[in-house]
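Trainee: I should like a close look at a single part of this model. Please take me through it in one connected account.
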Protein chains: 2
Amino acid sequence: MNPQIETRSKIRADIIKALAHPSRVLIAEALSDGERCVQDLTKLVGADISTVSKHLSIMKKSGWLEVEKRGLNQFYRLRCPCLLEFFRCVDLINQVRPKNIENQGCC
Amino acid sequence: MNPQIETRSKIRADIIKALAHPSRVLIAEALSDGERCVQDLTKLVGADISTVSKHLSIMKKSGWLEVEKRGLNQFYRLRCPCLLEFFRCVDLINQVRPKNIENQGCC
DNA sequence: CATCTATTTGGCTTTTATGCCAAATATATA
DNA sequence: TATATATTTGGCATAAAAGCCAAATAGATG
């Protein structure tokens with residue numbers, strides 16, 4: 001396989017992976033409404049704060065989030081609104097996904 | 001946390017997870033150009049055919065792919081063209097992703 | 001400066017995902 | 001019916017991801 005395409009697929013997969021977890025999806029959704037600090041996101045997710053911090057770090061590293069420190073808080077925000085389209089696409093797939101019984105067609 | 005939202009995040013994460021692997025990204029990209037059988041995708045990916053078959057099964061179960069049998073072959077195809085937008089979004093994130101050195105802004 | 005709050009990091013265990021081989025299944029064709 | 005081709009499935013070993021606790025760091029505030 002073409003090594004360039006291999007690299008590109010790897011990069012894309014890494015970025016997609018950074019969203020491929022229920023807590024991270026939830027975080028992304030929350031941030032589409034505006035920036036939040038770690039505590040608030042921790043309340044939302046309902047996991048240990050260290051776990052949430054690690055999720056945020058994964059999302060930041062991948063490019064989905066940026067962060068700004070103000071006082072004691074780190075405020076995370078979404079870098080691109082395109083994420084919302086991303087979710088619309090995913091929800092569409094969910095509608096056509098085979099739920100044990102076969103179904104057809106899509107958009 | 002609201003259990004409905006929890007469920008929805010889980011569903012979304014499962015669908016996203018079905019793309020979160022370099023081989024599956026590559027497969028998705030190839031299929032955006034039209035249906036392919038397992039052998040062809042195996043050549044493309046360069047893994048064992050049983051591995052590729054399992055990737056395809058994950059993608060099918062999640063709703064991304066559908067399959068049609070003709071003769072000895074199983075032809076897989078993309079269910080929704082929205083996947084291509086999905087990748088455009090991902091590539092955009094890659095452009096703004098921090099590559100060790102900090103960078104700013106986006107779309 | 002001591003202390004408090006917010007967040008991150010290290011370390012470790014448990015869970016989940018991946019990949020190959022071998023075997024099974026399904027279908028075409030001699 | 002025997003055989004060949006295409007694909008899937010089971011099983012197992014290895015690798016990667018997740019989650020918690022405890023400890024470290026960073027910055028505010030008394």
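Which helices and strands each supply at least two residues of the surface near DNA strand D?

Mentor: This is a predicted model, in which local features need pLDDT of at least 70 and side-chain atom pairs count only at pLDDT 80 or more, while totals for chains, interfaces and linings use all residues. Residues are numbered from 1 along each chain as its sequence is written, chains are lettered from A and ligands numbered from 1 in the order in which they are written, and side-chain values use heavy atoms, with hydrogens and water left out.

Chain A supplies at least two residues from α4 (49-62), and chain B does so from each of α3 (38-45), α4 (49-62) and β3 (73-78). Helices (H or I, at least four residues) and strands (E, at least two) are DSSP runs, numbered from the N terminus. "Near" denotes a residue with a heavy atom within 4 Å of the strand.

In total, 23 residues surround DNA strand D, and the closest are H55(A), Q39(B), S53(B), K54(B) and Y76(B). By class, this surface has ten polar, seven nonpolar and six charged residues; Ala, Val, Leu, Ile, Met, Phe, Trp, Tyr, Cys and Pro count as nonpolar, Asp, Glu, Lys and Arg as charged, and the others, Gly among them, as polar.

On the DNA side, sugar or phosphate accounts for 65% of the strand D atoms within 4 Å of the protein, and bases for the rest. Base atoms are approached by K54(A), with a side-chain N or O atom 3.0 Å from a base nitrogen, and by K54(B), with a polar side-chain atom 2.6 Å from a base oxygen. For N73(B), a polar side-chain atom lies 2.9 Å from a sugar or linking oxygen. A polar contact is a pair of N or O atoms within 3.5 Å; within protein, one must be able to donate a hydrogen and the other to accept it, and residues adjacent in sequence count only if both atoms are side-chain atoms.
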